Amino acid sequence: GAAELGPYRHYMQKEIFEQPRAIGDTLDGINGISPELFGDGAYSAFKDVDQVLILACGTSYYAGSVARYWLESIAKIPTSIEVASEYRYRDSVPNPRTLVVTISQSGETADTISALKHARSLGMTNTLTICNVQTSAMVRECRFNFITRAGAEIGVASTKAFTTQLVGLFVLTLALAQVRGHLPDDVEADHLKALRHLPAGVQAVLALEPQIMAWSEEFAAKENALFLGRGLHYPIALEGALKLKEISYIHAEAYPAGELKHGPLALVTSAMPVVTVAPNDALLEKLKSNMQEVRARGGELFVFADADSRIESDTGLHVIRMPEHYGVLSPILHVVTLQLLAYHTACARGTDVDKPRNLAKSVTVE
Ligand code: G6P
């Protein structure tokens, strides 16, 4: 009811603003990295595995897609990810030394549960879930777990569940890195420090809301949008597009920026806003040339840039600067801007933000 909403207009907005608290709670009690954070016996199980298979649906699938980059670059473990409903029904080649990781806000998504059971039936018994509901079927079915502390999420479009899943997946990455000998103490300390700073980092991003609202006015008048990202931020572009379509009903697609020239560039006109997630990482120069391709075709760019990147606003080029540069945890900050953009665009269009048409919070049928 209205009392629970406090100063917010919708649960989604409330849940976006709860993220500093949700992330802080999820990290509470983690004073060092250890496999046992995932349950008794995790050390020997983690020692035993030589690959990770992530299974999930929807927004949880995009959290897993970010984690794949972390797992391969930090823990140096081969990682694949698959949409649960696809994995479940295809012939695949099982490797018993796989850590099967499911990701689920509700812990009740039918497709994800049957994908997990399918993996187990193929002989993969090392199963772990990143889940927001301790009492869920998913937690009961998996050998190991990490419970995110987002709290009840009411808005159908997932927000705080996503960022806390990323936190859990980053902790998992560090635990696997440690077991595999890739986490020296000083590196562990640096990562823990960055994790602990996240609530303040997200808080600073939330302060960008007025600037993002100004953009949303323009978005509300569009029927299509393109989202671009590279590397770790490609799944964030996907999640930003998903948020926008779910609640504003604007058709949105995300592409890895390097793929622009292989198709979507044909769609770029002044009627198609192009949102670019542009952190100051090794791929920035490449991304800048992708952005030039858009501008040369009359496309209007909306860029989320880092504090110190040299991209200036210009005609057809709108820039919002992130408060700080955040290294490998940057996806957790960038997604918050895209949540706010989708939220305010939907508000401007007058949709039912918390209960978008045709969608359910938890899908318990296959
Ligand atoms: C539904 C929800 C999404 C969610 C997906 C997976 O489609 O609307 O927000 O990402 O299910 O749900 P889960 O509970 O497994 O994360």
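This briefing describes the ligand shell, the sheet and the nonpolar core of the structure above. The model is predicted. Its ligand is surrounded by 15 residues, and 5 strands form an open, parallel sheet. The largest nonpolar core comprises 113 residues.

**Ligand shell**
- Among the 15 surrounding residues, the closest to the ligand are Gly58, Thr59, Ser104, Ser106 and Thr109.
- By class, the shell consists of 10 polar, 4 nonpolar and 1 charged residues.
- Helix α5, spanning residues 58-73, makes the greatest contribution to this shell, with 3 residues.

**Sheet**
- The strand order is β2-β1-β3-β4-β5, with parallel pairing.
- Strands β2 (79-83) and β5 (144-147) each have a single partner strand, so these edge strands are left with one side lacking a neighbour in the sheet.
- From one strand to the next, the twist averages 20°.
- Strand β1 (residues 51-56) pairs with β2 in the parallel sense over 5 bridges; Leu53 has Ser80 in β2 as its bridge partner.
- Helix α7 (residues 110-121) packs on the sheet, where it touches β1, β3 (98-104) and β4 (127-131). The direction of helix α7 makes about 150° with that of β1.

**Nonpolar core**
- Within the largest core, the residues with the most contacts are Ile54, Leu55, Ala175, Ala225, Phe227 and Ala237.
- Helix α9 (residues 160-179) supplies the largest share of this core, 13 residues.
- Leaving aside neighbours within four places in sequence, Leu55 contacts Glu82, Ala84, Tyr87, Val100, Thr102, Thr112, Ala115, Leu116 and Ala119.

Note on methods
Residues are numbered from 1 along each chain as its sequence is written. This is a predicted model: local features need pLDDT of at least 70, side-chain atom pairs count only at pLDDT 80 or more; totals for chains, interfaces and linings use all residues. A residue is near a molecule or strand if its C-beta atom, placed from the backbone, lies within 6 Å of it. Helices (H or I, at least four residues) and strands (E, at least two) are DSSP runs, numbered from the N terminus. Ala, Val, Leu, Ile, Met, Phe, Trp, Tyr, Cys and Pro count as nonpolar, Asp, Glu, Lys and Arg as charged, and the others, Gly among them, as polar. Two strands pair if DSSP finds at least two bridges between them. Axes are lines fitted to C-alpha atoms, for helices over the stretch in contact, and angles run from 0 to 180 degrees between N-to-C directions. Two residues are in contact if their C-beta atoms, placed from the backbone, lie within 7 Å. A nonpolar core is a set of buried Ala, Val, Leu, Ile, Met, Phe, Trp, Tyr and Cys residues joined through C-beta atoms within 7 Å. A residue is buried if 20 or more other C-beta atoms lie within 10 Å of its own, exposed if 12 or fewer, and partly exposed in between; C-beta atoms are placed from the backbone.
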